[in-house]
Amino acid sequence: MASEFKRKLFWRAVVAEFFAMTLFIFISIGSALGFLVPSGGNQNVTRTQDNVKVSLAFGLSIATLAQSVGHISGAHLNPAVTLGLLLSCQISIFRAIMYVIAQCLGAIVATAILSGVTNSLQDNSLGLNALAEGINAGQGLGIEIFATLQLVLCVLATTDRRRTDVTGSAPLAIGLSVALGHLLAIDYTGCGINPARSFGSAVVMGNFVNHWIFWVGPIIGAIAATLIYDFILAPRTCDVTDRMKVWTTGQVEEYDLDADDSRVEMKPK
């Protein structure tokens, strides 16, 4: 921990997570609120949210920002992804904690800015996640688990440097996975799969009803994805000592791509 704490590259990575998360939330949730704007100035026209548009906005913004800051921080932009990479022993515990803090702060700042920009819109929930009518807490939790599981599984598989068959763009693949999760979950829970994104809206709106679902679901999904990939689908050879070294010092050996340990997650090999 001490070695990372003293490194400028580490703090640059934390700032990159905060900045990219702020942009991600502003763009993605801003796109989701667009249907609230009266069409052609006619206040009586009622429009419905376009789930495909919103899903693509979330997915493409992740892909774009991953390409933009992936070489600096890994562009996690999601505490569930950070947890998955932590359990997969690709980052230290200290880095994971600082990333999650940066992600949550970025989400709050972006949602607060968006609140000011869109304060004239009626029924503006600022992207607050909530269970759809007829969906109970258990069902919503299940949706969040499976939607997050496929995302974290995609991150682990696409960025696995042991693979030689990945010839496409890892950021694009991960962005499409985010879009896929939204296509599944929007109608049930509004699609969390990102605790920081859900947290930002809940804080600014002051509404934490069923908010635990949008933390517990992604956490379980991330844990399940890591266990499935690292111990069943593609077991790693590193022992407990190697894993503990990564968790405590952040010094990645099997996973290194460059001498700079901030470049860990977003480039396939």
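Which element supplies the largest share of the lining of the largest pocket? The answer is H7, with five residues. The legends below begin with the whole chain and return to this pocket. The model is predicted.

**Figure 1. The whole protein chain, with 10 helices and zero strands.**
Read along the sequence, the pattern is α-α-α-α-α-α-α-α-α-α. The protein chain has 269 residues, and 49% of them count as buried. Contacts with a separation of 6 or more are counted here: 78% of them join residues 24 or more positions apart. The exposed area of the protein chain is about 12100 Å². Carbon and sulfur atoms supply 66% of that area.

**Figure 2. The largest pocket, with about 400 Å³ of space.**
This pocket is lined by 24 residues. Closest to its centre are Gln49, Ser125, Leu128, Ile186 and Gly190. Two elements each give two or more residues to the lining: helix H3 (51–73) and helix H7 (170–189). H7 gives the largest share, five residues. By type, the lining of the largest pocket holds 13 nonpolar, eight polar and three charged residues.

**Figure 3. The largest nonpolar core, a set of 49 residues.**
In soluble globular proteins, nonpolar side chains tend to be buried together. Which residues of the largest nonpolar core touch the most other members? They are Met21, Phe24, Ile25, Leu33 and Leu151. At least two residues of this core come from each of H2, H3, helix H4 (79–87), helix H5 (93–117), helix H6 (137–158), H7 and helix H9 (213–233). H6 gives the most, with nine residues. A second core is separate and has seven residues, among them Ala13, Val14, Met98 and Tyr99.

**Figure 4. Phe24 and its contacts.**
Phe24 is one of the residues that touch the most other members of the largest nonpolar core. Set aside its neighbours within four places in sequence. Phe24 is then in contact with Phe58, Ser61, Ile62, Leu65, Leu77 and Asn194.

**Figure 5. The largest cavity, with about 140 Å³ of space.**
The structure holds three cavities of 30 Å³ or more. The largest cavity is lined by 18 residues. Ile62, Asn78, Leu151, Val178 and Asn194 are the closest to its centre. H3, H6 and H7 are the elements that give two or more residues to this lining. H7 gives the most, with three residues. The lining of the largest cavity divides into 12 nonpolar residues, five polar and one charged. Two of the names seen here return from earlier views: Leu151 from the core, and Asn194 from the contacts of Phe24.

**Figure 6. Ser31, in helix H2 (residues 8–32).**
Is Ser31 buried or exposed? Ser31 counts as buried because its relative accessibility is 14%, under the 20% cut-off. Beyond its neighbours within four places in sequence, Ser31 is in contact with Lys53, Val54 and Ala57.

**Figure 7. Phe35, in the loop between H2 and H3.**
Phe35 counts as partly exposed, because its relative accessibility is 27%. Phe35 and Asp50 are 15 residues apart in sequence. In space they are 7.7 Å apart, C-alpha to C-alpha.

**Figure 8. Helix H8 (residues 195–205) and its cover.**
Which residues of H8 are buried? They are Pro195, Ala196, Arg197, Ser198, Gly200, Ser201 and Ala202. The cover over the buried residues of H8 includes H2, H3, H4, H5 and H9. Gly206 follows H8 and has a positive phi, near 65 degrees.

**Figure 9. Cys89 and Cys191, with positive phi in residues that are not glycine.**
Cys89 is found in the loop between H4 and H5. Its phi is about 60 degrees. Cys89 is buried, with a relative accessible area of 0%. Cys191 is found in the loop between H7 and H8. The phi of Cys191 is near 65 degrees. Cys191 counts as buried, at 0% relative accessibility.

Terms used
Residues are numbered from 1 along each chain as its sequence is written. This is a predicted model: local features need pLDDT of at least 70, side-chain atom pairs count only at pLDDT 80 or more; totals for chains, interfaces and linings use all residues. Side-chain values use heavy atoms; hydrogens and water are left out. On a 1 Å grid over the protein atoms alone, a cavity is a set of points where a 1.4 Å probe fits but cannot get out, and a pocket is an open set with protein on both sides within 12 Å along at least five of seven lines; lining residues have an atom within 4 Å of a point. Grid points are joined across faces, edges and corners, and a volume is the space filled by probe spheres set on the points. Helices (H or I, at least four residues) and strands (E, at least two) are DSSP runs, numbered from the N terminus. Ala, Val, Leu, Ile, Met, Phe, Trp, Tyr, Cys and Pro count as nonpolar, Asp, Glu, Lys and Arg as charged, and the others, Gly among them, as polar. Buried means under 20% relative accessible area, exposed over 50%, partly exposed in between (1.4 Å probe, protein chains only). Contact means heavy atoms within 4.5 Å. Accessible areas come from the Shrake-Rupley method with a 1.4 Å probe; for residues, only the protein chains shown count as cover. A nonpolar core is a set of buried Ala, Val, Leu, Ile, Met, Phe, Trp, Tyr and Cys residues joined through side-chain atoms within 4.5 Å.
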